[in-house]
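Please look through the structure shown below; the report that follows treats charged pairs, the sheet, helix packing and local backbone geometry in turn.

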Amino acid sequence: MTLPQLPLPLRPNPIDPPPRLLMGPGPVNAQPRVLRAMSAPLIGQYDPVMTGYMTETMGLYRQVFDTANEQTLLVDGTSRAGIEAALVSLVAPGERVLVPIFGRFGHLLAEITARAGAEVHTIEVPWGTVFEPEDIAAAVRRVRPRLLAMVHGDTSTTMLQPLHELGAVCAEHDVLLYADVTASLGGNQVAVDTWGIDAATAGLQKCLGGPSGTAPATFSAKAAEVITGRRQIEAGLREDGDEDNALRIGSNYFDLAMVFDYWGPRRLNHHTEATSALYAARECAAVLVDEGMKEAVERHRMHGTAMAAGLAGIGLELFGDQQHRMNNVVGVVIPDGVDDAAVRTAMLGDYGIEIGTSFGPLRGRIWRIGTMGYNARKDAVLITLAALEQVLRRSGAAVTAGGGIGAAHEIYQEAAI
């Protein structure tokens with residue numbers, strides 16, 4: 001009997017991705033300092049150098065979030081992991097949650113809290129707009145939720161929801177305030193303590209200028225008390241005094257009570273810290289702190305304004321309420337008769353530049369173009385505008401020759417950049 005011939009073992013080449021300029025809504029090109037940090041040697045999770053890095057990272061992110069919260073740390077996983085960890089740890093089954101929805105990611109918060117067993121109440125406004133704070137306050141008074149879960153900047157619509165008035169409303173009615181600041185932190189003002197935010201989570205892959213896979217998070221003393229009130233130590237780790245808890249958190253990996261113990265003085269094992277990811281997250285925060293948070297926000301505002309002016313200068317219509325647009329991403333209406341996918345394919349194939357479309361009712365209706373993190377800089381804005389103008393011209397769209405570059409240059413000249 002002849003046995004079948006087996007294929008030779010695969011000998012894959014080293015990873016060698018093509019050069020790309022990532023000008024979509026995220027991810028973005030990582031800051032070179034972050035890439036260098038990720039190549040540093042691995043060390044053990046309880047090595048005093050490693051725990052020292054963990055403590056440093058907590059301190060750096062207190063500055064990034066503008067908070068004094070003791071429980072400021074990293075959740076190992078993408079920004080969605082941070083969202084889910086916060087929500088499943090803060091909300092017990094049967095508790096009421098209010099989710100104001102103005103884009104795709106409000107729907108995500110509603111889904112996660114529903115899966116956690118919450119009684120979810122939602123209010124909505126059309127995509128491209130935001131809520132008036134009084135409308136949210138009225139809903140809080142009507143629903144009386146345990147938690148108000150808000151998206152700050154929703155990249156699906158490019159809108160930025162004002163949060164600064166909501167903390168006082170929540171405090172008045174004994175409501176916890178959670179904010180998803182994944183797309184806003186580092187490029188738009190986020191003031192956790194001043195605004196009265198009880199919990200906030202983010203991701204590295206947008207204004208923080210790093211790779212997806214780590215979720216910085218911060219929790220007020222009030223939020224931390226709720227979470228630790230549901231603490232249950234794993235059976236294999238229990239010591240005298242550790243007991244069962246009927247209110248235990250419904251996830252093991254996303255159990256923030258155990259994550260607090262891992263990052264805190266007890267260093268109680270929960271998982272093996274993602275060493276290279278922690279290096280990256282630490283360096284993302286260090287780069288921002290070195291620049292200055294106000295300066296970083298202003299940089300994103302400046303280059304975002306130049307991009308928006310340039311897109312209008314080409315002859316394109318900007319999407320949504322521009323008074324509430326995020327600094328770091330702008331939506332632009334796809335012209336009639338222009339093939340969305342063909343333009344994005346040409347941008348990527350001919351110029352190595354990535355831009356994005358959107359989701360749901362906006363899919364194929366708008367492009368989302370980002371200026372965030374390491375890519376919030378003049379050359380990236382001008383190259384993207386020039387390439388988009390040429391691609392649109394070839395597609396038959398009516399464009400203003402040189403209008404995009406000219407309009408962006410006017411913004412930079414006024415700022416002496």
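## Salt bridges

In this predicted model, Glu283 forms a salt bridge with Arg33, and the closest N and O atoms of the two side chains are 2.9 Å apart. The pair links distant parts of the chain, since Glu283 belongs to helix α10 (residues 275-291) and Arg33 to helix α1 (residues 32-38), with the two positions 250 residues apart in numbering. Side chains of opposite charge can pair when their charged atoms come close. Counted with a cut-off of 4 Å between a side-chain nitrogen of Lys or Arg and a carboxyl oxygen of Asp or Glu, the salt bridges number 16.

## The sheet

Seven strands make up an open sheet of mixed pairing, in which the order is β2-β10-β9-β8-β5-β3-β4. Its edges are formed by β2 (71-76) and β4, each of which pairs on one side only, and from one strand to the next the twist averages 20°. Helix α2 (residues 48-65) packs on this sheet, where it touches β2, β9 and β10, and the direction of α2 makes about 105° with that of β2.

Two of the pairings illustrate the mixed character of the sheet. Strand β3 (residues 96-101) and strand β4 (residues 119-124) are parallel and are paired over six bridges, with Val99 standing opposite Thr122 in β4. Between these two strands the chain passes through helix α4 (residues 104-115), and the resulting β-α-β crossover is right-handed. Strand β9 (residues 199-201) and strand β10 (residues 214-219), by contrast, run antiparallel and are joined by three bridges; here Ala200 has Thr218 in β10 as its bridge partner.

## Packing of α8 and α9

Helix α8 (residues 221-228) packs against helix α9 (residues 256-263) at an angle of about 110°, and the axes of the two helices are 8 Å apart. Because angles of 65 to 115 degrees count as roughly perpendicular, α8 is described as roughly perpendicular to α9.

On the α8 side the contact is made by Ala224, Ile227 and Thr228, which meet Leu256, Ala257 and Phe260 in α9. By residue class, this contact of α8 with α9 comprises five nonpolar residues and one polar residue, while no charged residue takes part.

## Local backbone geometry

Two loop positions deserve a separate look. The peptide bond that leads from Gly26 to Pro27 is cis, with omega near 10°, and Pro27 is found in the loop between β1 (21-22) and α1. Helix α1 is also the element that holds Arg33, the partner of Glu283 in the salt bridge to α10.

The other position is Thr158, which has a positive phi of about 70° although this residue is not a glycine. Thr158 lies in the loop between β6 (153-154) and β7 (159-160).

Definitions and conventions
Residues are numbered from 1 along each chain as its sequence is written. This is a predicted model: local features need pLDDT of at least 70, side-chain atom pairs count only at pLDDT 80 or more; totals for chains, interfaces and linings use all residues. Side-chain values use heavy atoms; hydrogens and water are left out. Axes are lines fitted to C-alpha atoms, for helices over the stretch in contact, and angles run from 0 to 180 degrees between N-to-C directions. Helices (H or I, at least four residues) and strands (E, at least two) are DSSP runs, numbered from the N terminus. Angles under 35 degrees count as roughly parallel, over 145 as roughly antiparallel, 65 to 115 as roughly perpendicular and the rest as oblique. Contact means heavy atoms within 4.5 Å. Ala, Val, Leu, Ile, Met, Phe, Trp, Tyr, Cys and Pro count as nonpolar, Asp, Glu, Lys and Arg as charged, and the others, Gly among them, as polar. Two strands pair if DSSP finds at least two bridges between them. A crossover is right-handed if, with the strands pointing away from the viewer, the path from the first strand over the helix to the second runs clockwise.
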